[in-house]
Amino acid sequence: MTRTQAVCLTALATLVLGGVYFARTGHAPAGQPKLVELKASSLSTLQAGFNHESGKLRVILLLSPTCPTCLEGASAVEDVLKRHPDSQIVVFAIWEPMLSTDWSKPGTGPLQRLSDSRVQQFWDADHTVAAALAVTEEATQLHPSCCKRRGVLWDLIAAYPASAVWSSTVPRPVFFDGTMVQSADRLEGVINNAK
Amino acid sequence: MRVSERFAPVAAVMSAFGALACCLPFGIAGAMGALGLSVFFETMRPWLIGFAFVLLAVGVFQMARRQRSCQKRSRFSIALLVFCAAIVLSILLFPQQVASLMADLDFRRAR
């Protein structure tokens, strides 16, 4: 083996090992529960969590871990939360694979973008939450101005009033739009109205 | 998206000019352009990454054949090929980190 080949192989091995390292499930920020993996059969976990926080404004975010616009949106929502530290609000951040580069669960980097302790983060590989929101979208005729790729909802914010209950279907949201980075200001309006 | 509006055409133009440069193997220049575009055009990303791979292979093939269109094969061309290959692998292996970098750049500009 020549010196050049050895250098190339070492570089390749380093990159692959780095990839494996970063592909591990990320750590949720301090104060938040661990990242929960959602399956079609375990959507009730999210449903129960949603109903458990009844009496608070609840927000569902749909986002992809390798979409720069989604990550910007996550940071924008985090900024909104920082401006309202005392608001009664719970955010359910649903990460889902939307792009070909979404081959692993969100790592620590994407999870840390939503570091507020009122956030709970989920990995939804089967788009079960997006499908549940799509059912309500059809029923209520509340269509976002963007946010669909191959029929799957993403990069959007859905906000629910304190009185909303998730029974057989997701309740009607008071706000349902994206992209997240463009809608963060309007989410802030919803938070102000809920006070 | 602001970044794509500004950078995508620049990446495309760079790619075109790079392909015209006599001493720069076409594959390398094209791969750079395709990679640049893949970062910004999310929906076309799989095609563009695949295209970048094909163009990198063309670059390697050109190197291997020792084509001497202008001068002899330069160390710069080899370094560029290695650099582009490293970027392709980085996007494939560390997509979340690359996306975070792009998001940070755009978010700071938007503020």
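Reader: Which residues of H4(B) are buried?

Author: This is a predicted model, in which local features need pLDDT of at least 70 and side-chain atom pairs count only at pLDDT 80 or more, while totals for chains, interfaces and linings use all residues. Residues are numbered from 1 along each chain as its sequence is written, with chains lettered from A and ligands numbered from 1 in the order in which they are written. Helices (DSSP runs of H or I, at least four residues) and strands (runs of E, at least two) are numbered from the N terminus, and a residue is buried if 20 or more other C-beta atoms, placed from the backbone, lie within 10 Å of its own, exposed if 12 or fewer, and partly exposed in between. On that footing, the buried residues of H4(B) are Cys84(B), Ala85(B), Val88(B), Ile91(B) and Leu93(B).

Reader: What distance does helix H4 of chain B reach from its first C-alpha to its last?

Author: Helix H4 of chain B covers residues 75–93 and has 19 residues. The expected span is 1.5 Å times one less than the number of residues, which for this helix comes to 27 Å, and the model lies close to that, the reach from first C-alpha to last being 27 Å.

Reader: How many helices and strands does chain B have, and what share of its residues is buried?

Author: Read from the N terminus, the elements of chain B follow one another as α-α-α-α-α, which is to say 5 helices and 0 strands. Among contacts in chain B (C-beta atoms, placed from the backbone, within 7 Å) with a separation of 6 or more, 61% join residues 24 or more positions apart. Of the 111 residues of chain B, the buried share is 36%.

Reader: What share of chain A is buried, by comparison with nothing but its own residue count?

Author: Chain A has 6 helices and 8 strands, arranged along the sequence as α-β-α-β-α-β-α-β-α-β-β-β-β-α, and its C-alpha atoms fill a box of roughly 70 × 35 × 30 Å along the principal axes. In chain A, 78% of the contacts with a separation of 6 or more are between residues 24 or more positions apart. Of its 195 residues, the buried share is 42%.

Reader: Which helices of chain A each supply at least two residues of the side that touches chain B?

Author: The contact between the chains draws 20 residues from chain A and 17 residues from chain B. On the side of chain A that touches chain B, at least two residues come from each of helix H1 (3–23), helix H3 (68–83) and helix H4 (108–112).

Reader: How many of the residues of H3(A) are buried?

Author: H3(A) has 16 residues and spans 23 Å from first C-alpha to last, close to the 22 Å expected at 1.5 Å a residue. The helix is mostly covered, the buried count among its 16 residues being 13.

Reader: Which are the edge strands of the open sheet in chain A?

Author: Strands pair if DSSP finds at least two bridges between them, and 6 strands of chain A form an open sheet of mixed pairing in the order E1-E4-E3-E2-E7-E8. Within this sheet, strand E3 (89–95) and strand E4 (119–124) pair in the parallel sense over 5 bridges, and Val91(A) has Val119(A) of E4(A) as its bridge partner. The edge strands, each pairing on one side only, are E1 (36–38) and E8 (175–178).

Reader: Which two residues does the cis peptide bond join?

Author: Thr179(A), one partner of the bond, lies in the loop between E8 and H6 of chain A. With omega at about -10°, the bond joins Gly178(A) and Thr179(A).

Reader: Why does Asn192(A) count as exposed?

Author: Asn192(A) belongs to helix H6 (residues 180–194) of chain A, and its C-alpha is 8.9 Å from that of His84(A), although the two are 108 residues apart in sequence. Asn192(A) counts as exposed because the number of its C-beta neighbours inside 10 Å is 10.

Reader: Is Cys147(A) buried or exposed?

Author: Cys147(A) sits in the loop between helix H5 (128–140) and strand E5 (148–149) of chain A, and its phi is near 75°, a positive value in a residue other than glycine. Because 22 C-beta neighbours lie inside 10 Å, Cys147(A) counts as buried.

Reader: Is Arg150(A) buried or exposed?

Author: Arg150(A), in the loop between E5 and strand E6 (152–153) of chain A, also has a positive phi, near 50°, in a residue other than glycine. Because 8 C-beta neighbours lie inside 10 Å, Arg150(A) counts as exposed.

How values were computed. Contact = placed C-beta atoms within 7 Å.
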